[in-house]
Amino acid sequence: MSLLELSKVSKAFNGSPVLCDVDLCIARGEFVAIVGFSGAGKTTLISLIAGLLRPDSGEVRLEGRPVTGPGPDRGIVFQNYSLLPWLTVYENIALAVDQVNPAWDATRRREQVERHIAMVNLTPARDKKPSELSGGMRQRVSVARALAMDPQILLLDEPLGALDALTRATLQDEISRIREETHKTVVLITNDPDEGIYLADRIIPLTAGPGATLGPSFTIDIPRPRNRKEINHDPHFKQLRRDVTEFLLASRHRPHATVTRKLVLPDIEPEDLNLPRSPQGGRRLPRRSHEIREEKVEIE
Amino acid sequence: MRSFKLDWLILPLLGILLVLGGWQAVSGRKAARKDAEGKVVSEERVGLIPALPSVVETWQASRIYILEPFAKRGEMDQGIARFTWYSLLLVAKGYGLALLIGTPIGFLLGLSKVFTKTFDPIIQILRPVSPLAWLPLGLVLFLDAGKEAGTLGALFTIAICSMWPTVLNTAVGVRAIPQDYLNVARVLKLSRTKTLFKVLIPATLPYMFTGFRLSLGIAWLVIVAAEMLTGRPGVGGFLWQEYNALVYEHIILSIITIGLVGFILDRLMSLIEARFKSI
């Protein structure tokens with residue numbers, strides 16, 4: 001039985017559809033990447049899985065039970081870190097650990113926090129506030145907080161989207177390592193096919209919105225541990241990247257933008273010589289209509 | 001203009017000297033009218049504003065109040081620090097009351113749309129009412145309290161006038177809490193109380209302290225009016241009594257004291273506010 005199952009999930013905001021008939025099955029221990037354009041509805045999808053949003057129709061099931069709200073069994077890492085700025089690294093993680101495991105004694109809870117700070121290599125920064133940390137470090141805290149809740153599934157919502165390319169690569173390797181250590185089920189949302197292919201077991205493109213849905217799933221059987229340098233020359237990697245990118249581009253069936261141009265027609269119409277002549281001119285005078293028409297131009 | 005060494009000290013001092021000079025220039029001075037034999041017949045005040053005491057006169061008349069700030073010679077004849085202390089005590093009580101009432105109202109306004117729709121109009125109507133209008137009502141409300149009526153009325157006035165900035169800033173602060181923080185609370189399934197104390201209040205603190213600072217400024221404004229009308233001993237009461245006693249120098253002494261204390265209070269609150277802003 002799959003750990004997470006979405007069946008015919010649809011969601012609309014203010015009448016405009018964002019997701020339509022999304023089906024997804026994720027097995028325990030799997031690492032699935034969902035890749036799509038910005039604004040396609042990726043965050044909506046992960047919010048539905050997290051239970052922060054309820055689907056309009058269809059169902060999200062975790063271990064066969066329908067998801068009715070957010071909960072600590074789905075650890076989520078948001079794109080913008082969402083750390084509480086008045087708490088230190090330790091306190092941010094401890095808030096989660098204490099809340100999720102109230103029955104544990106103090107020593108065990110402290111060990112759980114310290115272990116996860118160490119897992120993301122932040123022990124030297126444990127007493128710092130998020131404002132004193134770089135973006136990459138903040139995101140590590142966020143990952144540590146999600147993992148410290150010991151969730152069934154780890155949801156990563158464009159976790160590296162706000163980071164520079166070098167930090168991004170470092171953190172990708174770190175996510176890969178942590179995943180090897182913990183064997184967690186992971187759903188990664190990203191807009192970078194390379195990132196998805198490098199990290200995941202399976203990559204699924206999300207078609208361009210509105211009314212986005214998931215495309216075919218591409219299995220990535222590149223053996224682990226994967227090497228960032230070598231993978232770029234791996235023919236399978238290249239093929240996957242091409243397939244995913246082509247699918248995404250093809251899904252963008254609608255033109256991106258239309259421009260409306262105003263056309264001003266010639267300002268004068270010739271006088272109609274068939275009409276009778278009159279001293280005031282009457283209807284025989286040339287008519288100036290200032291007629292304006294609009295032309296819509298679609299830009300690819 | 002180029003800045004120079006110690007300009008932070010010299011320029012303000014220069015400004016103060018200029019104002020003092022202007023004050024001295026327009027103020028009145030004593031002039032004796034003499035008869036033909038050179039005998040002083042009467043004394044009168046001359047100058048641009050004859051009744052305005054000059055800088056020197058003000059200092060001479062105020063010296064005893066400043067140099068013996070804690071002296072108590074009578075109910076309405078005490079050192080300036082003692083008067084200030086009475087005023088500050090009353091402000092502290094009224095201000096504390098304003099925060100205790102205003103902060104929860106602010107939270108309710110920020111959290112509940114229904115509450116906002118119900119009470120926002122009445123708040124907007126009560127907010128601009130002057131302390132001078134509230135005070136008589138305060139005195140009437142506590143008529144049964146006898147001797148304490150003045151104090152309680154003043155407290156009521158300070159509280160109701162100074163709580164609005166706290167109410168409104170807290171409400172804005174609660175509404176400005178990023179959705180991310182609330183999502184964290186939801187994912188962790190924090191209880192309502194825990195969400196309030198672990199997320200809502202810490203996230204709102206910077207706004208709350210801005211409100212607290214503005215409220216303190218208003219509380220200090222109100223105290224003078226309240227003391228003037230109730231005749232309580234304090235800086236404002238002293239000011240009004242000395243006006244009635246025609247000792248105009250002491251009005252100026254009181255004004256300077258009120259201004260200085262208000263300035264210091266605002267600075268102290270700014271320091272505290274800055275601490276919470278830094279998160």
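A residue counts as buried if 20 or more other C-beta atoms lie within 10 Å of its own, as exposed if 12 or fewer do, and as partly exposed in between, with C-beta atoms placed from the backbone. By that yardstick, 36% of the 300 residues of chain A are buried. Please keep in mind that this is a predicted model, in which local features need pLDDT of at least 70, side-chain atom pairs count only at pLDDT 80 or more, and totals for chains, interfaces and linings use all residues. Residues are numbered from 1 along each chain as its sequence is written, while chains are lettered from A and ligands numbered from 1 in the order in which they are written.

**Confidence**

- The predictor assigns the complex a pTM of 0.77 and an ipTM of 0.75.
- For chain B the mean pLDDT (the predictor's confidence in each residue, from 0 to 100) is 88, and 98% of its residues reach 70 or more.
- Among the elements of chain B, helix 4 (residues 113-126) has the highest mean pLDDT, 94, and strand 2 (residues 40-46) the lowest, 78.

**Chain A overall**

- Chain A holds 8 helices and 12 strands; these are DSSP runs numbered from the N terminus, with helices (H or I) of at least four residues and strands (E) of at least two.
- Two domains divide chain A, domain 1 (4-251) and domain 2 (260-299), with bounds that come from an automatic or database domain assignment.
- The C-alpha centres of these two domains of chain A are 62 Å apart.
- Of the contacts in chain A with a separation of 6 or more, 69% join residues 24 or more positions apart; a contact here means C-beta atoms, placed from the backbone, within 7 Å.

**Helix 3 of chain A (residues 106-119)**

- At 1.5 Å a residue, its 14 residues should span 20 Å, and the end C-alpha atoms are indeed 20 Å apart; the expected span is 1.5 Å times one less than the number of residues.
- Buried positions in helix 3 of chain A are A:Gln112, A:Val113, A:His116 and A:Ile117.
- Seen down the axis of helix 3 of chain A, the buried residues fall within an arc of 130°, so they line one face; the arc is that of the directions from the helix axis to the C-beta atoms.
- A:Thr107, A:Arg108, A:Glu111 and A:Ala118 are exposed on the other side of helix 3 of chain A.
- Cover for the buried residues of helix 3 of chain A includes helix 2 (89-100) and helix 4 (135-148) of chain A.
- After helix 3 of chain A comes A:Asn121, with a positive phi near 55°.

**Helix 8 of chain A (residues 235-251)**

- In helix 8 of chain A, the buried residues are A:Leu240, A:Val244 and A:Leu248.
- Viewed down the axis of helix 8 of chain A, its buried residues fall within an arc of 60°, so they line one face of the helix.
- The face turned away from that buried side carries exposed residues, among them A:Arg242 and A:Glu246.
- Strand 3 (31-36) and helix 6 (193-199) of chain A are among the elements covering the buried residues of helix 8 of chain A.

**Where the chains meet**

- The contact takes 16 residues from chain A and 13 from chain B.
- Helix 7 of chain B gives the largest share of the side of chain B that touches chain A, 6 residues.

**A spot inside chain B**

- B:Leu97 sits in helix 3 (residues 80-111) of chain B and touches B:Leu155 and B:Ala159, not counting residues up to four places away in sequence.

Methods: Contact = placed C-beta atoms within 7 Å.
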